[in-house]
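Trainee: I should like to learn how to read the features of a structural model. May we go through one together?

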Amino acid sequence: MKREIYTLLILLLTGFIQARAQQDLKLWYKQPARQWTEALPLGNSRLGVMVYGGTEKEELQLNEETVWGGGPHRNDSPNALKALPEIRNLVFQGNLQAAQNLVSKNFETPRNGMPYQTVGSLMLNFPGHAAAENYYRDLNIEKALATTRYRVGGVTYVREVFSSFTDNVIIVRLTADKAGSLSFSAAYKSPLKHEIYKQGQKLILKGKGEDHEGVPGAIQLETQTEVKNEGGKVKVENDKIIINGANAVTLYISAATNFVNYKDVSGDESKKASAYLASAKKKPYSKALSDHTAYYKKQFDRVRLDLGTSDAANQETHLRVKNFNNGKDISLATLFFQYGRYLLISSSQPGGQPANLQGIWNDQLLAPWDGKYTVNINLEMNYWPAEVTNLSETHLPLVQMVKELSESGRETAKTMYGANGWVLHHNTDIWRSTGIVDRAFWGMWPNGGAWLCQHLWQRYLYNGNRAYLEDIYPAMKGSADFFLDFLVEHPKYKWMVTVPSNSPEHGPTGDEKKNAPSTIAGSTMDNQIAFDILSNTRLAAKVLGKDAAYIMKLENMISRLAPMQIGQYNQLQEWLEDVDNPKSDHRHVSHLYGLFPSNQISPYQHPELFQAAKNSLVFRGDKATGWSLGWKINLWARLLDGNKAFKLINNMLMLVEPGNNDGRTYPNLFDAHPPFQIDGNFGYTSGVAEMLLQSHDGAVHLLPALPDAWRTGSISGLVARGGFVVDMDWDGVQLNKASILSRNGGNLRIRSYVPLKGEGLKKAEGINPNEIYKTAAIKEPLVSDKINPQVPLLYKIYEYDVMTEAGKRYSFTRAN
């Protein structure tokens, strides 16, 4: 009997914990959204919808990922190549402003990238529903489903909305618990040039992308809405659909454009939208929902994070953010982590466009920064979580984009620089423009393509797929070829450097607020990126057995690159000269690219350089824009300081509200620059993963930067390079046990702060024989003669090797 009671108690406790965990993976509120950053995002990568949850008036704000202004175009300046020698001479002479003026005159064009644009909204009007009671709305990120529920006149009304991954339409299900109670109308509104009309039982919105900066709008859009009613009557008029006395209603919203690819807009938007709608209508609602949920959960459920929970998790989501810094709501960190994964799944699926600055959610014709792809940090940050949080397929739209940019960027490289290969500056759009965008101060940065190629290479390190490497090698080689031609010898230092360029978005004497020039030669970030593209292409060429002479050419150029330098403040220098301002709190920390996302700064191989990087990050401070905080969380994780990373998490999880200038998270958990940029959401998710698992520095490091606040917890499904899938739990801020699945086989080197035991473990010796785990062979850093370089304080580590077989799981526990 006692055993039965004990078993029952365990089952009840387990059920309570599971129910609490499910609640912790919801965003929920007791009132409708009053503004866009309170609405809830849904998406299937192609179609986005923001759900306001109104009672008398509901707004479903719509996006389709290919609705952009302008059309196929180029923005290469034909004057650049002729002016290039003089610009370089001026930079080398130290006349940076004159050099930048020449860049402005000869490199800029009137075309600064095209804007990502909204479709508009479908408005649902419910007469008599203003005085609603028992209101509730949520976004369940375990199911990718938004629900609104309220009571009017003794009747409970429920709306469910999802953007179907499997049927490629947005589906809205409306029900009431009293027969014949559903009466409402549906109508469009749109800021685009458009027309609305009836076509059979469908309401059509026909729209057109806007002209922009002299480029005619090429996108033709069609949105179709149709109703499937259960009881009652439906009437379709020329500008709206009217439903009267229904028991239940399912709305289908289909949208498509004429976009085929970045060079081709010959598609038939009407035919596509009609096909999606016709197919979706054939499926019962319950089947449509279950298919959608199954597709989504196949990706989302791969990773589980448990940091514990508390009564504070029972608050509405915006109140949880508002109160997070009280230290009582530890599970909000879990929700925010999983929300980043939810947003990446919802905005980036195979065959689609990459997530832009807005993801896929935008209610404007001119979003902040046009909602384009900013590639001097922001687009890359969007995809930092893709591999490590087990969402590798979400990376594919970016991989495809880089292939396309490697085509369009060849003309830019030849026209503007007389160089082979391909180049991308600091911004691009759906039309894959590759010239300078915005003024020279921001745009004279020719490293975007090389940084994006880091993603191609890193994806290989995770999957080890030789066929994939062969597929992406031409894009990598093309970027490396550009640097082989573009790099020139610095007349003073004799290193090969990029010129003209900048360290994004400021210069040695300040930023745009001080009217300071940014155009320079050989910033530290440039040197690190050049090292990566040349070194990674060399490694890829070796794996694939490519031409030995070309490999030698790469090695020769690598040997001539500038080393990193430790300056007069014991800092990692941002420029060739030791002119860093230790009081600068600029949002970009570009010279720390070598620490993260690259692997060039290691505490174990170059501890003095590691400490210098830490000092540079300390100088920049703990306050920043939302995306910058996201980057800094990753950087502090790489600096093995979990408590500091958690301090930055606290700074990010501050509610945007009147009177709070430090707010960095909106009520719907969107990241705030401010305004909204989605990159900070993805940066946070990546940062949490880096706190729990690292695999960039020769080993799989378990719990490298665990904060004291996460005293007990577990994580399952994170992925390390080499295809090792890692499950862990910990107690007392120390590893308890780990279970690791080897997808590809090969040597697994484990790094831990506690000694481990397990089958096949042996003490690691020498260099990791797993080729995936090659460390960066950088030059020895130069050290200012004004200082004694500092060294970091590091935890003792234990390293073990185990030779693994593909498909086999290995378990390890703490040894004492």
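Trainee: Which residues does Trp710 touch, not counting residues up to four places away in sequence?

Mentor: Please keep in mind that this model is predicted. To read the surroundings of a side chain, one sets aside its sequence neighbours and lists what remains. For Trp710 the list holds Leu307, Ile330, Ala333, Phe646, Ile649, Val688, Met691, Leu692 and Trp730.

Trainee: Which residues touch the most other members of the largest nonpolar core?

Mentor: A nonpolar core is a set of buried nonpolar residues joined through their side chains. The largest one here has 243 residues, and the members touching the most others are Leu534, Trp631 and Trp710. Helix H13, residues 466-486, supplies the largest share of this core, with 11 residues. Another core, of 10 residues, lies apart from it; Leu145, Ile171, Ala288 and Leu289 are among its members.

Trainee: How should one read the packing of two helices, and at what angle do the axes of H13 and H15 cross?

Mentor: One takes the approach of the axes, the angle, the handedness and then the residues in contact. The axes of H13 and H15, the latter spanning residues 548-559, cross at roughly 50° and come within 11 Å. The two helices are therefore oblique to each other, and H13 passes H15 in a left-handed crossing. On the H13 side the contact involves Tyr473, Lys477, Ala480, Asp481 and Leu484, while H15 contributes Tyr550, Lys553, Leu554 and Met557. By class, these residues are six nonpolar and three charged, with no polar ones.

Trainee: Which residues make the contact between H12 and H14?

Mentor: The geometry comes before the residues here as well. Helix H12 (residues 448-463) and helix H14 (residues 524-544) have axes that come within 10 Å and cross at roughly 40°. That angle makes H12 oblique to H14, and their crossing is left-handed. From H12 the contact uses Ala450, Trp451, Cys453, Gln454, Trp457 and Tyr460; from H14 it uses Met525, Ile529, Asp532, Ile533, Asn536, Leu539, Ala540 and Val543. This contact divides into 11 nonpolar residues, two polar and one charged.

Trainee: Is Glu230 buried, partly exposed or exposed?

Mentor: Relative accessibility decides the class, with partly exposed lying between 20% and 50%. Glu230 has 38% and so counts as partly exposed. This residue belongs to strand S13, residues 220-230. Beyond its neighbours within four places in sequence, Glu230 is in contact with Arg173, Ala246, Asn247 and Ala248. The C-alpha atoms of Glu230 and Val249 are separated by 6.1 Å, although these residues are 19 apart along the chain.

Trainee: Where does one look for backbone features, and which peptide bond before Pro597 is cis?

Mentor: One inspects omega for the peptide bond and phi for the residue. The bond from Phe596 to Pro597 is cis, with omega near 15°; Pro597 lies in the loop between strand S22 and helix H16. The bond from His673 to Pro674 is also cis, with omega near -10°, and Pro674 sits in the loop between helices H18 and H19.

Trainee: What is the phi of Glu213?

Mentor: Phi of Glu213 is near 50°, a positive value in a residue other than glycine. Glu213 is placed in the loop between strand S12 and S13, and at 31% relative accessibility Glu213 counts as partly exposed. Lys494, likewise not a glycine, has a positive phi of about 70°. Its loop runs between strands S20 and S21, and its 48% relative accessibility makes Lys494 partly exposed.

Methods: Residues are numbered from 1 along each chain as its sequence is written. This is a predicted model: local features need pLDDT of at least 70, side-chain atom pairs count only at pLDDT 80 or more; totals for chains, interfaces and linings use all residues. Side-chain values use heavy atoms; hydrogens and water are left out. A nonpolar core is a set of buried Ala, Val, Leu, Ile, Met, Phe, Trp, Tyr and Cys residues joined through side-chain atoms within 4.5 Å. Buried means under 20% relative accessible area, exposed over 50%, partly exposed in between (1.4 Å probe, protein chains only). Helices (H or I, at least four residues) and strands (E, at least two) are DSSP runs, numbered from the N terminus. Contact means heavy atoms within 4.5 Å. Axes are lines fitted to C-alpha atoms, for helices over the stretch in contact, and angles run from 0 to 180 degrees between N-to-C directions. Angles under 35 degrees count as roughly parallel, over 145 as roughly antiparallel, 65 to 115 as roughly perpendicular and the rest as oblique. A crossing is left-handed if the near helix is turned anticlockwise from the far one by less than a right angle, and right-handed if clockwise. Ala, Val, Leu, Ile, Met, Phe, Trp, Tyr, Cys and Pro count as nonpolar, Asp, Glu, Lys and Arg as charged, and the others, Gly among them, as polar.
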